[in-house]
Amino acid sequence: MSSLLRTVNRTAIRQLQKQRSFSHCLSGKTPTNSPSDPLQNSRSYPTSSSRSPFSTMAALKSNAPAMAGVREFDPEIKDMASYIHNYKVDSDLAYETARYVFLDTIGCGLEALRFKECTKLLGPIVEGTIVPHGTRVPGTPYVLDPVNGAFNIGAMIRWLDYNDCWLAAEWGHPSDNLGGILAVADWISRTNRAGGHVGNGTIVKIKDVLEAMIKAHEIQGCLALENSYNKVGLDHVVLVKVATAAVVSKMLGLPERQTADAISQAWVDGQSLRTYRHSPNTMSRKSWAAGDACQRAVNLVLKVQKGEHGVPTVLSAPVWGFYDVAFKGKKFEFQRPYGSYVMENILFKVSYPAEFHSQTAIEAAKKINAQLSEQGKSAEDIKSITCRTHEACIRIIDKQHKPMDNFADRDHCIQYMVATMLVFNRLHATDYTDGSEAATSPLVEKLRRTISCVEDPEFTRAYHDPNMRTIPNALTVTLEDGTVLEESVVEAPLGHKLRREEAKPEILEKFERHLGPHFESEKVQELVELGKDKERLENMGVDEYMDKYVKEKMQW
């Protein structure tokens, strides 16, 4: 036995000597560089002299191809960072629209506080925690750090699927970015007012928030125009994370190079799958996914602020980059340069808290309801309905025969929403809840299963046409007695740019309606009038404005 052990030991020593000799033969230097471009990576790399005498990693590093020079950021990343820092927004239409989006989005968040499924996720991670000079969460007593504040505000905004919308190759809701923007702006303002120095040391004004919104809308919207993330299984909140990271980095005073770092970190971060938006897994995560994206973005920017570097070729790196890993090797396509186009053309959800591809169908159903009433008939007299629609509607919310298991199923089912309008002549957020009058109605369920969707290629073309961007739906109703009603067609919903002036009073009424359950009537009128006063609102500090929404105790 001792002879065998001596033989094994001698063999091991010879192998160690060979490996050590092999390591020294392959040792070499990896170049260090001093970048001149602010968007080039500034890291240096260790030389062979700094390595330990024996390391298996030494041989691996020496075999790696030598760096040809300092790595530059992918041009897509550089373009975004340059836009954030160098583009001046001078569009009156964009700022005017942003003000309406701002008010509407806050109102949607307040309305969500009436639903316990939302409020149970809000507040500090550790109960009772209050952050010095922290972010205020509208309609609540919470004072949070900016990361958790971004989640809270972002989740509120998106919960009821009632804030603005952008429809293109990819869908999304660019005002989701306000979760991160508002949380960081409030924290910066409170800290600086207390003598701190966050960002540029100044108090952030509401106009700064509107500018950040315009740029976040533009980045998210332009990335969505020609690039479909849903077709590779990714959720659109990846664009919220990227856009929020971009605008928040500038708010925090980061230079252009670090903004590129933050954007690249957002792209390399694990991206959400759309699984929770589709049968058989539709669930409430779709309502807080944007809040999650906002908090991830803010967290990543704060890490970059502390010196964490970016990932220069996060998109284009062979094998390991976003394009190869998550986008089937395809590069992003761009229809237009960054400007203010998206905010100017954004879609408001004015009338109904419903997935946007269904908005015109619900408007058409309301017209049919009135027509039936004039004829002395009702939804009980309907035998079947055909919905002529666009391809995206069929792909996302056509659920004729799927059981409605929860709130998330119902507010993403065009048949359920149309049936509810036809039966009750209304569609409210409460109609989606378990046990509600609509959710338990046998007539709604019967009618839902008679509504079939068919694609009209012309509707799909109009949906993608940059000069139209309509969301057409048309309903044809056949009655039990064989009568076929005249088709009800609605091409552009009330919140479309083509109907913007018509929508403005309705947007303000919606805002007022959402304020009502939380504040006394005098306070409601004060907030509405402030929202109408462009100059006063834009020049107000974010912290001062947020103080107006503080509640000592939540009612729900």
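User: Why is Arg 296 called partly exposed?

Analyst: In this predicted model, Arg 296 has a relative accessible area of 33%, and the label buried is kept for values under 20%, exposed for values over 50%, and partly exposed for those in between. The value of 33% is in between, so Arg 296 counts as partly exposed.

User: Is its partner Asp 292 buried or exposed, and what makes it so?

Analyst: The relative accessible area of Asp 292 is 8%. Since buried means under 20%, Asp 292 is buried.

User: How do you know that Asp 292 and Arg 296 form a salt bridge?

Analyst: The closest N and O atoms of Asp 292 and Arg 296 are 3.1 Å apart, and a salt bridge needs a side-chain nitrogen of Lys or Arg within 4 Å of a carboxyl oxygen of Asp or Glu. The pair meets that limit, so the name salt bridge applies. Both residues belong to helix 11 (residues 285-305), where being four residues apart separates them by about one helical turn. The pair also takes part in a network of salt bridges that links Lys 241, Asp 269, Arg 285, Asp 292 and Arg 296. Across the whole structure, the search finds 44 salt bridges.

User: What makes the pair of Asp 434 and Arg 410 a salt bridge, and which parts does it tie together?

Analyst: Here the closest N and O atoms are 2.7 Å apart, which is within 4 Å, so Asp 434 and Arg 410 qualify. Asp 434 lies in the loop between helix 17 (414-424) and helix 18 (442-448), whereas Arg 410 is in helix 16 (residues 407-410), so the pair ties together parts that are 24 residues apart in sequence. As for the surroundings, Asp 434 has 54% relative accessibility and counts as exposed, while Arg 410, with a relative accessible area of 6%, is buried.

User: How do you know that Lys 548 and Glu 526 form a salt bridge?

Analyst: The closest N and O atoms of Lys 548 and Glu 526 are 3.0 Å apart, so this pair, too, is within the limit of 4 Å. Lys 548 is placed in the segment after helix 23 (542-547) and Glu 526 in helix 21 (residues 521-532), so parts that are 22 residues apart in sequence are tied together by the pair. With a relative accessible area of 18%, Lys 548 is buried, whereas Glu 526, at 32%, is partly exposed.

User: Why is Asp 74 not said to have a salt bridge?

Analyst: The nearest side chain of opposite charge, that of Lys 331, is 7.4 Å away from Asp 74. A salt bridge requires a distance within 4 Å, so Asp 74 has none, although Asp 74 is buried. Asp 74 sits in the loop between helix 2 (56-63) and helix 3 (75-86). Leaving aside residues up to four places away in sequence, Asp 74 touches Pro 312, Thr 313, Val 314, Leu 315 and Ser 316.

User: What makes Leu 225 a buried residue, and which residues does Leu 225 touch?

Analyst: Leu 225, which lies in helix 8, has a relative accessible area of 5%, and this is under 20%, so Leu 225 is called buried. Not counting residues up to four places away in sequence, Leu 225 touches Trp 166, Ala 168, Ala 169, Gln 335, Arg 336 and Arg 469. Trp 166 is 59 residues apart from Leu 225 along the chain, yet their C-alpha atoms are separated by 9.1 Å.

User: Which helices supply the lining of the largest pocket, and how do its residues divide?

Analyst: Helix 7 (178-193), helix 8 (206-225) and helix 9 (237-251) each supply at least two residues of this lining, and helix 8 gives the most, with four. The pocket has a volume of about 320 Å³ and is lined by 15 residues, with Asn 200, Asp 208, Glu 211, Lys 250 and Met 251 nearest its centre. The lining divides into seven nonpolar, four polar and four charged residues.

User: Why is an enclosed space called a cavity and not a pocket?

Analyst: In a cavity a 1.4 Å probe fits but cannot get out, while a pocket is an open set of points, so the way out decides the name. The count comes to six cavities of 30 Å³ or more, and the largest cavity has a volume of about 100 Å³. Of the 13 residues that line the largest cavity, His 173, His 236, Arg 277, Glu 355 and His 412 are the closest to its centre. The lining of this cavity comprises four nonpolar, four polar and five charged residues.

Notes:
Residues numbered from 1 in each chain as written. Predicted model: local features only at pLDDT ≥ 70, side-chain atom pairs only at ≥ 80, totals over all residues. Heavy atoms only, no water. Buried < 20%, exposed > 50% of the residue type's maximum accessible area, 1.4 Å probe, protein only. Lys, Arg positive; Asp, Glu negative; His and termini not counted. Contact = heavy atoms within 4.5 Å. 1 Å grid on protein atoms, 1.4 Å probe; cavity = no way out; pocket = protein on both sides within 12 Å on 5 of 7 lines; lining within 4 Å. Points joined across faces, edges and corners; volume = space filled by probe spheres on them. Nonpolar A, V, L, I, M, F, W, Y, C, P; charged D, E, K, R; others polar.
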